[in-house]
Amino acid sequence: MINLIHLDKTNELPKVKDLYFEAFPKYERVPFWLLMYKSKKKNCDLYAIYDESEYIGFLYLTYYKDIVYVFYLAIDPSQQSKGYGSMVLQHLEEIYQDKRLLLNIEKVDRAADNYEQRFKRKQFYEKNGFLNTNFEIEDKNIVYEILYLGEDVYEFEYHALFKSYYGRILSLIY
């Protein structure tokens, strides 16, 4: 059974930090100190993910109105291909059944060096019920597809979510 434990209530900080740097390329990472700082606020949560009592990964969420944005989700390499990613998404769908889930992935582009990885990632999310919004975002020369579960999510809401997350000053930087 999937359990989400707020990181400040576990001793998994070193594992989460290592997995964060391993799982996400530099251009997709915000400073880890910012994740930690924001997770102490009311609109973000940084969780260690467990199967019963066994650590399997981490999850970072931010909230805006009725949107739950999956900022980061990573399963430890030793636990991958065991269905945990799908279990976590199903768990989120149960917890936030009255909310819209939102995330982004690198656009599936045949010309990309990691085309196969992008394709498999999109298949994974589609298998778990996620749909494409009707907009894409470009950040640092990378185009992202925005996927959602639940009611439609609009581009202005996506931008409002990030403005809310970063605040006025940091949103100019990020």
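This report walks through the cores, the main pocket and some salt bridges of a predicted model.

**The nonpolar cores**

Let's start on the inside. The largest nonpolar core holds 36 residues, and Phe58, Phe71, Tyr72 and Leu102 touch the most other members. Many elements contribute: α1 (13-23), α2 (32-39), β2 (44-51), β3 (54-64), β4 (67-75), β6 (131-139), β7 (142-149) and α5 (155-173) each supply at least two residues of this core. Apart from this core lies another one, of 24 residues, including Ile2, Ile75, Leu92 and Tyr125.

Leu102 is a good residue to click on. Setting aside neighbours within four places in sequence, Leu102 is in contact with residues that include Ile67, Val68, Tyr69, Val70, Ile146, Leu147 and Tyr148.

Next, look at α2. Because 6 of its 8 residues are buried, α2 is largely enclosed by the rest of the structure. The buried ones are Phe32, Leu34, Leu35, Met36, Lys38 and Ser39.

**The largest pocket**

Now for some empty space: the largest pocket contains about 1500 Å³. Its lining is made of 48 residues, with Phe24, Glu28, Leu73, Arg121 and Tyr125 nearest the centre. Sorted by class, the lining has 25 nonpolar, 11 polar and 12 charged residues. Strand β4 gives the most to this lining, with 7 residues. Other elements that each supply at least two lining residues include α3 (84-95), β5 (100-106) and α4 (115-127).

**Salt bridges**

The count of salt bridges comes to 8. Here are some of them, with the N to O distance for each.

| Basic residue | Acidic residue | N to O distance |
|---|---|---|
| Arg100 | Asp66 | 2.6 Å |
| Arg100 | Glu157 | 2.7 Å |
| Arg121 | Glu106 | 3.7 Å |

Take the pair of Asp66 and Arg100. Asp66 lies in the loop between β3 and β4 while Arg100 lies in strand β5, so this pair ties together parts that are 34 residues apart in sequence. Asp66 is partly exposed, at 29% relative accessibility, whereas Arg100 is buried, at 8%.

Arg100 also meets Glu157 in a salt bridge. Glu157 sits in helix α5 and Arg100 in strand β5, so the pair links parts 57 residues apart in sequence. Glu157 counts as buried, at 13% relative accessibility.

The salt bridge between Arg121 and Glu106 ties helix α4 to strand β5, across 15 residues in sequence. Arg121 is partly exposed, with a relative accessible area of 28%, and Glu106 is buried, at 4%. Finally, shared partners join Asp66, Arg100 and Glu157 into one network of salt bridges.

Note on methods
Residues are numbered from 1 along each chain as its sequence is written. This is a predicted model: local features need pLDDT of at least 70, side-chain atom pairs count only at pLDDT 80 or more; totals for chains, interfaces and linings use all residues. Side-chain values use heavy atoms; hydrogens and water are left out. A nonpolar core is a set of buried Ala, Val, Leu, Ile, Met, Phe, Trp, Tyr and Cys residues joined through side-chain atoms within 4.5 Å. Buried means under 20% relative accessible area, exposed over 50%, partly exposed in between (1.4 Å probe, protein chains only). Helices (H or I, at least four residues) and strands (E, at least two) are DSSP runs, numbered from the N terminus. Contact means heavy atoms within 4.5 Å. On a 1 Å grid over the protein atoms alone, a cavity is a set of points where a 1.4 Å probe fits but cannot get out, and a pocket is an open set with protein on both sides within 12 Å along at least five of seven lines; lining residues have an atom within 4 Å of a point. Grid points are joined across faces, edges and corners, and a volume is the space filled by probe spheres set on the points. Ala, Val, Leu, Ile, Met, Phe, Trp, Tyr, Cys and Pro count as nonpolar, Asp, Glu, Lys and Arg as charged, and the others, Gly among them, as polar. A salt bridge is a side-chain nitrogen of Lys or Arg within 4 Å of a carboxyl oxygen of Asp or Glu.
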